[in-house]
Amino acid sequence: MTEFGKFLQARRGGVRPADVGLPAGTGTRRTPGLRREELAALAGVSIDYYIRLERGKETRPSPSVVEALAGALRLDEEERGFLRELAARAARRAPEPRPLPSRRVRPTVTQLLETLRPNPAYVVSRTNDLLAANPGGLRLLHGIADWPERQRNTVRYTFLHPAARELWVDWEQKAKGCVAQLRAIAGTDPDAPDLASLVGELIVKSPDFNRLWERYEVHTIGDGEKTLRHPEVGTMTLSHEGLSLNRAQGQRLIVYMAPPGSPDHDAMTLLDLAASGPSGGSGETAPVSPFRGQG
């Protein structure tokens with residue numbers, strides 16, 4: 001089965017007949033979602049053709065078929081783009097290997113991290129490896145500095161670090177966002193070694209990750225708001241922005257903010273001071289080296 005077929009199967013199971021105006025029918029349903037024949041009828045294709053699509057025996061659906069399936073599955077625009085990319089990849093006979101993105105962070109970006117203080121900020125790779133951070137940014141992810149630099153990854157932290165479930169007040173929503181963002185990458189570069197290595201590790205080590213990965217939800221992370229229960233400065237709600245860096249092979253700058261003069265801003269400022277002070281410890285307060293462990 002291709003990734004295109006797996007996505008269709010997963011999303012078919014998440015759409016109830018009532019959602020698309022179909023009667024529930026009689027008898028026991030083996031799936032809570034749409035049957036293959038129901039989705040085929042909604043998309044205007046034969047059941048035999050749809051089964052071949054889902055099983056990967058038919059790998060060249062026309063754009064109109066892809067759009068019809070997307071409409072029947074009630075996909076949003078981002079998910080439609082993901083389905084189009086999966087269809088295009090399924091039609092290719094051989095994957096196009098891509099080099100691993102560089103882990104090097106430009107010196108000007110490192111300077112930018114410093115000028116953003118006291119706002120916690122850090123730079124991550126396309127798969128969320130933590131490549132550089134200002135003191136507050138590193139301290140914000142409580143306990144991540146205890147890991148070796150090459151192990152520091154915000155998705156790995158969310159699922160495997162014992163402090164993460166206490167830090168993120170709405171851990172389930174945070175976890176869903178992490179997985180959906182990795183799924184979006186998988187749509188464009190599923191064979192990438194950096195992605196395959198991280199996903200493989202988390203599938204083995206985290207049942208929660210495995211559960212969410214099988215849902216095939218797709219979402220790219222941009223802005224939003226997170227409430228954190230930090231052991232050093234208490235509970236704070238911070239807005240965040242994710243900005244793509246030019247000429248940086250998928251690197252993103254993540255910045256957390258709060259209105260000046262608010263209790264959340266005060267807590268954020270205290271966190272920066274704690275990370276910079278003598279009690280912070282040299283290993284945790286120093287910015288992550290952007291040139292160490294380049295690959």
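Okay, let's start with a definition: on a 1 Å grid over the protein atoms alone, a cavity is a set of points where a 1.4 Å probe fits but cannot get out. A pocket, by contrast, is an open set with protein on both sides within 12 Å along at least five of seven lines, and lining residues have an atom within 4 Å of a point. Grid points are joined across faces, edges and corners, and a volume is the space filled by probe spheres set on the points.

Quick housekeeping. This is a predicted model, where local features need pLDDT of at least 70 and side-chain atom pairs count only at pLDDT 80 or more, while totals for chains, interfaces and linings use all residues. Residues are numbered from 1 along each chain as its sequence is written, and side-chain values use heavy atoms, with hydrogens and water left out.

So, the overview. The chain has 14 helices and five strands; those are DSSP runs numbered from the N terminus, helices being H or I with at least four residues and strands E with at least two. Of its 295 residues, 47% count as buried, which is under 20% relative accessible area with a 1.4 Å probe, protein chains only.

Now, the holes. How many cavities of 30 Å³ or more does a search of the whole structure find? Just one, and the largest cavity has a volume of about 40 Å³. Around it sit Lys176, Val179, Ala180, Leu212, Arg215 and Glu217. Helix H10 (residues 171–188) supplies the largest share of that lining, three residues. By type, the cavity lining splits into three nonpolar, no polar and three charged; Ala, Val, Leu, Ile, Met, Phe, Trp, Tyr, Cys and Pro count as nonpolar, Asp, Glu, Lys and Arg as charged, and the others, Gly among them, as polar.

Then there's the second largest pocket, with about 290 Å³ of space. It has 15 lining residues, and the closest to its centre are Arg103, Thr127, Asp129, Arg150 and Asp194. Helix H11 (residues 193–205) gives the largest share of this lining, three residues. Here the mix is three nonpolar, six polar and six charged.

On to the strands. S1 (residues 121–124) is covered on both faces: Ala121 and Val123 are buried on one side, Tyr122 and Val124 on the other. It runs antiparallel to S5 (residues 252–257), joined by four bridges; strands pair if DSSP finds at least two bridges between them. Tyr122 stands opposite Ile254 in S5. S1 also has three bridges to S2 (residues 130–133), again antiparallel, with Val124 partnered by Leu130. In that hairpin, five residues lie between the strands, and Asn128 takes a positive phi near 75 degrees.

Asn128 and Tyr122 come up again with Thr154, in helix H8 (residues 154–160). Buried or exposed? Thr154 is buried, at a relative accessible area of 8%. Its contacts (heavy atoms within 4.5 Å), not counting residues up to four places away in sequence, are Tyr122, Val124, Asn128 and Leu141.

Last, the packing. A nonpolar core is a set of buried Ala, Val, Leu, Ile, Met, Phe, Trp, Tyr and Cys residues joined through side-chain atoms within 4.5 Å. The largest has 42 residues, and Tyr122 and Phe209 are among those touching the most other members. H10 gives the most to this core, with seven residues. A second, separate core of 27 residues includes Val65, Ala72, Leu86 and Ala184.

Key
Buried < 20%, exposed > 50% of the residue type's maximum accessible area, 1.4 Å probe, protein only.
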